[in-house]
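Here's a quick tour of the model, meant to be read with the viewer open. Grab a coffee and follow along topic by topic.

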Amino acid sequence: MVILSAHITHKRVLMADIERLGREEPSELLRTLSRLPGVRECAVLATCNRVELYTVTDDGAATRRALEDMINSLLPFDARSDLVLFLDDRESVHHILKVASGLDSMVLGEDQIQGQVREAFELAEKEGCIGPVLSIVFRKAISVGKKVRAETGVNKGCVSIGSTAVELAESKLGSLKDKNILIIGAGQMATLIARHLVGKEPRTVFVSNRTYSKAVELAWALNGRAIRFDSLKNHLIQSDVVLCATSATHILLTRERVQEAMKGRPGNRGLMIIDVSFPRNVAADVAEVAGVQLYDIDGLRGKSEENLLRRKAEVRAAEKIIIQELESLDARIREMRADELISQLYIKFEQIKEREVRKALNRIAAGNETVDKVLEDFASSLTYKFLFEPTAALKEASREGDLDRLSAVGEMFNVEGVSFVSKNSPSKITHESSR
Ligand SMILES: NC(=O)c1ccc[n+]([C@@H]2O[C@H](COP(=O)([O-])OP(=O)(O)OC[C@H]3O[C@@H](n4cnc5c(N)ncnc54)[C@H](OP(=O)(O)O)[C@@H]3O)[C@@H](O)[C@H]2O)c1
């Protein structure tokens, strides 16, 4: 039994190819995997930047060939090239522990992957593809991911511009609760920012965009209010935070425009403006308007790079936890290779025991013999039956000069006093008591 996995990830493959593979339904991939030769268990981890196929197989070579064919039928490159990473046993397990901990992610330490590993496991379980090996591997990966995040800072501090922008506003204002927030733009970046506002409980989120329908869409997702691009001024007056993210190549918020909005504000309520656009959409001299705090993308980049460096410094601590957990998991998996044999041995000897017990009870019930005699016969018969096949096998090994087998059995039953001359010496069995 071996664990064999294939990894198509952002580290080696173009995102477009990963997307192409990602369009395959994971449950369909699971069904295909489960039909490959030798495969006993399987799981598929598919996210936007990785597709990983995990198998437990009785025939590593045949499964590997079939996996390559399967990947070749889905992707426009040769799975035998080094674009696809194949791992087995300990390396495979080490990899999934790292993945679940966020160490293999595009954004180091990101949290989303933890849930994606759990979902991959649950889907494979639902499809009946999980057995004892992948069960302990995936459960361990999920728990190690949690442990790494709880005990290290590998996921601490925002590293994306969107999350850093929201984190900055939150840290400067204490909280975004009950604040009015204005998002300018409704493209990719504005959507990312919006995603990080979820759960922050602002009073209102206004979304303003050149194309009004897109503002409506984003506002709807945020439970906010779409506003027309030409009525920005009124909403600037009402806002506490402005997050600007458009691809306009000109200035949208000039000093005059902001100054005017500040005049219309009650009391000395401040305004924070975060411009993540490049080129900038907010004039640099807006920072000189009284009551305005202006941050641009350079400041945000600095903060997210600083956080990324902090996360990188935690990788060693995270790896240490992973290696510790890997040791015990790997030992358990190797031990599991004997599980089936052990369980078959128990079933076999339980059946012998039951037959012998029944025979003994019948003899006692007949009352013709003493209980001592029946018990004596019962124990002898049991011993004889337990040792019948091993005895025959040992005699055969001895005849064939297979001293390693004799040695192994001696060790297994912890028999002392009998030793065997090594395989390379003339076959000779010695008994210490006869020396
Ligand atoms: N995406 C990122 O990861 C990322 C990271 C850091 C910084 N940024 C910066 O964030 C800004 C937005 O990027 P994005 O990825 O969100 O782009 P995007 O998905 O292409 O969206 C562009 C947005 O800008 C608006 N826009 C374009 N031209 C405009 C104009 N002349 N006047 C007013 N609005 C205009 C678009 O409005 P319509 O809907 O009307 O087209 C849309 O809302 C860029 O300056 C980019 O450099 C992006």
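What follows is a short walk through the ligand site, the sheets, a helix pair and some backbone oddities.

Keep in mind that this is a predicted model. It holds a ligand with 19 residues around it, an open antiparallel sheet of four strands and an open parallel sheet of six. There's also a cis peptide bond, between F278 and P279, and F278 turns up again at the ligand.

**Around the ligand**

- Which residues come nearest to the ligand? Out of the 19 around it, they are Q188, M189, N209, T211 and F278.
- The backbone does some of the polar work here: a backbone N or O atom of Q188 sits 2.8 Å from a ligand oxygen.
- T246 has a similar story, with a backbone N or O atom 2.9 Å from an oxygen atom of the ligand.
- F278 joins in too, since one of its polar backbone atoms is 2.8 Å from a ligand oxygen.
- On its own the ligand would expose 900 Å², and the protein buries 73% of that area.
- Sorted by class, the surrounding shell is made up of eight nonpolar, nine polar and two charged residues.

**The four-stranded sheet**

- In what order do the four strands line up? Reading across this open sheet you get β2-β3-β1-β4, with antiparallel pairing.
- β2 (39-47) and β4 (85-88) are the edge strands, so to speak: each of them pairs on one side only.
- On average, neighbouring strands in this sheet are turned by 15 degrees against each other, ignoring direction.
- Zoom in on β1 (residues 2-9) and β3 (residues 50-57), and you'll find eight bridges joining these antiparallel strands.
- For a landmark within β3, look at Y54, which stands opposite S5.
- Helix α5 (residues 112-126) packs on the sheet and touches β2 and β3. The direction of α5 makes about 145 degrees with that of β2.
- Helix α6 (residues 132-151) packs on the sheet as well, touching β1, β2 and β3. For α6, the angle with the direction of β2 is about 30 degrees.

**The six-stranded sheet**

- This open sheet runs β7-β6-β5-β8-β9-β10, and its pairing is parallel.
- At the edges you'll find β7 (225-227) and β10 (292-296), each pairing on one side only.
- Neighbouring strands here are turned by 20 degrees against each other on average, again with direction ignored.
- How many bridges link β6 (residues 204-208) with β7? There are three, and the two strands pair in the parallel sense.
- If you want a residue pair to click on, S208 has I227 in β7 as its bridge partner.
- Helix α12 (residues 297-313) packs on this sheet, where it touches β9 (271-275) and β10. The direction of α12 is at about 65 degrees to that of β10.

**A helix pair**

- Two packed helices are described by the angle between their axes and the distance between the axes.
- For α15 (residues 371-399) and α16, the angle is about 145 degrees and the axes are 8 Å apart.
- On the α15 side of the contact are A393, L394, A397 and S398, and they meet R405, L406 and V409 in α16.
- By class, that contact between α15 and α16 has five nonpolar residues, one polar and one charged.

**Backbone oddities**

- Most residues other than glycine have a negative phi, and most peptide bonds are trans.
- The peptide bond joining F278 and P279 is cis, with omega about 0 degrees. P279 is in the loop between β9 and β10.
- E201 isn't a glycine, but its phi is positive, near 55 degrees. You can find E201 in the loop between α8 (188-197) and β6.
- N414 is another non-glycine residue with a positive phi, about 55 degrees. To locate N414, look in the loop between α16 (403-412) and β11 (418-420).

Note on methods. Residues are numbered from 1 along each chain as its sequence is written. This is a predicted model: local features need pLDDT of at least 70, side-chain atom pairs count only at pLDDT 80 or more; totals for chains, interfaces and linings use all residues. Side-chain values use heavy atoms; hydrogens and water are left out. A residue is near a molecule or strand if one of its heavy atoms lies within 4 Å of it. A polar contact is a pair of N or O atoms within 3.5 Å; within protein, one must be able to donate a hydrogen and the other to accept it, and residues adjacent in sequence count only if both atoms are side-chain atoms. Accessible areas come from the Shrake-Rupley method with a 1.4 Å probe; for residues, only the protein chains shown count as cover. Ala, Val, Leu, Ile, Met, Phe, Trp, Tyr, Cys and Pro count as nonpolar, Asp, Glu, Lys and Arg as charged, and the others, Gly among them, as polar. Two strands pair if DSSP finds at least two bridges between them. Axes are lines fitted to C-alpha atoms, for helices over the stretch in contact, and angles run from 0 to 180 degrees between N-to-C directions. Contact means heavy atoms within 4.5 Å.
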